[in-house]
Amino acid sequence: MMSEFTVNMNEYLPLRDLVFNTLRQAILKGELKPGERLMEIQLAEKLGVSRTPIREAIRKLELEGLVIMIPRRGAEVAKISHKSLQDVLEVRGALEELATDLACQRINDEELKELTEAEDHFKKVVENNGSEMEIAEADEAYHDIIYKATRNDKLIQMINNLREQMYRYRLEYIKDEAQRGTLISEHENILQAIKIRDIIRAKTLMKEHIDNQELTVSQNLEGESAEAAAKNSAKRR
């Protein structure tokens with residue numbers, strides 16, 4: 001059964017761009033799952049458009065590496081690879097460390113209050129068994145306050161350019177329920193370090209936070225690959 005997503009009509013964008021953005025967001029947010037087939041007719045009916053903008057969107061998504069073409073199967077959502085995970089999180093790690101450094105120096109009392117409230121909200125969402133999307137959005141809101149506190153528009157712009165790709169890995173990490181308690185602790189520790197403006201400790205904690213995400217998602221990917229290989233082996237017997 002296809003996930004629930006619709007075209008967000010915007011009079012300033014051509015239909016082909018609206019369809020592309022809709023499918024791109026659905027992939028990045030996990031509404032279209034890795035390995036899921038993209039059937040032109042079904043997508044056209046669901047979004048209320050012709051097959052032409054669907055076909056154009058799929059081609060553009062293939063260029064971005066979010067979709068792959070399989071012989072005799074057609075288009076499907078690309079699975080997350082170790083290389084793409086590493087590439088994105090290496091860049092994110094560097095930007096997050098710089099943001100944490102600047103935030104420690106420049107954050108004001110109002111923003112510290114906002115960061116505390118964001119951490120409290122994140123904790124409540126996790127403890128109340130919120131959906132993966134709700135937890136991811138609460139996590140993103142926490143980090144957004146740190147970015148804002150940097151007062152560096154260029155840094156914020158660079159992070160925003162990477163935001164959608166980060167979202168896909170953020171969701172993959174949050175899927176692992178065993179790591180959610182660790183996430184709460186990491187957020188709380190980073191918050192405390194920023195409060196006392198301990199730049200070295202805050203940056204170290206942020207690096208560990210991003211490294212843990214990469215390690216967990218990599219391990220989950222390996223587990224999924226091993227499981228898929230075992231199923232294929234069983235089918236051949």
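A cavity is a set of grid points where a 1.4 Å probe fits but cannot get out. By that rule, this predicted model has 2 cavities of 30 Å³ or more. The second largest cavity has a volume of about 40 Å³. The largest cavity holds about 60 Å³.

**Cavities**

| Cavity | Volume | Nonpolar lining residues | Polar lining residues | Charged lining residues |
|---|---|---|---|---|
| Largest cavity | about 60 Å³ | 4 residues | 1 residue | 4 residues |
| Second largest cavity | about 40 Å³ | 2 residues | 2 residues | 3 residues |

Which residues line the largest cavity? They are Ile 27, Lys 29, Gly 30, Pro 34, Ile 80, Arg 168, Leu 171, Glu 172 and Lys 175. Helix α7 gives the most to this lining, with 3 residues.

The second largest cavity has another set of walls. Arg 92, Asp 139, Arg 170, Tyr 173, Leu 183, His 209 and Gln 213 line it. Here α7 and α9 each supply at least two residues.

**A pocket**

The second largest pocket contains about 250 Å³ of space. It is lined by 13 residues. Closest to its centre are Glu 64, Leu 66, Ser 84, Gln 165 and Tyr 169. Three elements give two or more residues to the lining: α1 (15-28), α4 and α7. Of these, α7 gives the most, with 3 residues. By class, the pocket lining has 5 nonpolar, 4 polar and 4 charged residues.

**Nonpolar cores**

The largest nonpolar core has 45 residues. Leu 115, Ile 146 and Ile 194 have the most contacts inside it. Two or more residues of this core come from each of α4 (82-106), α5 (109-127), α6 (132-149), α7 (153-174), α8 (180-195) and α9 (199-236). Which element gives the most to this core? That is α7, with 9 residues.

Ile 194 deserves a closer look. Neighbours within four places in sequence are set aside here. Ile 194 is then in contact with Cys 104, Ile 107, Leu 112, Leu 115, Ile 146 and Ala 202. Leu 115 and Ile 146 thus appear again: they share with Ile 194 the place among the residues with the most contacts inside the core.

Apart from the largest core lies another, of 23 residues. Its members include Phe 20, Ala 57, Ile 58 and Leu 61.

**The recurring helix**

Helix α7 runs through this account. It gives the most to the largest core, to the lining of the second largest pocket and to the lining of the largest cavity. It also supplies at least two residues of the lining of the second largest cavity.

Technical notes
Residues numbered from 1 in each chain as written. Predicted model: local features only at pLDDT ≥ 70, side-chain atom pairs only at ≥ 80, totals over all residues. Heavy atoms only, no water. Core = buried A, V, L, I, M, F, W, Y, C linked by side-chain atoms within 4.5 Å. Buried < 20%, exposed > 50% of the residue type's maximum accessible area, 1.4 Å probe, protein only. Helix = DSSP H or I, 4+ residues; strand = E, 2+ residues; numbered from the N terminus. Contact = heavy atoms within 4.5 Å. 1 Å grid on protein atoms, 1.4 Å probe; cavity = no way out; pocket = protein on both sides within 12 Å on 5 of 7 lines; lining within 4 Å. Points joined across faces, edges and corners; volume = space filled by probe spheres on them. Nonpolar A, V, L, I, M, F, W, Y, C, P; charged D, E, K, R; others polar.
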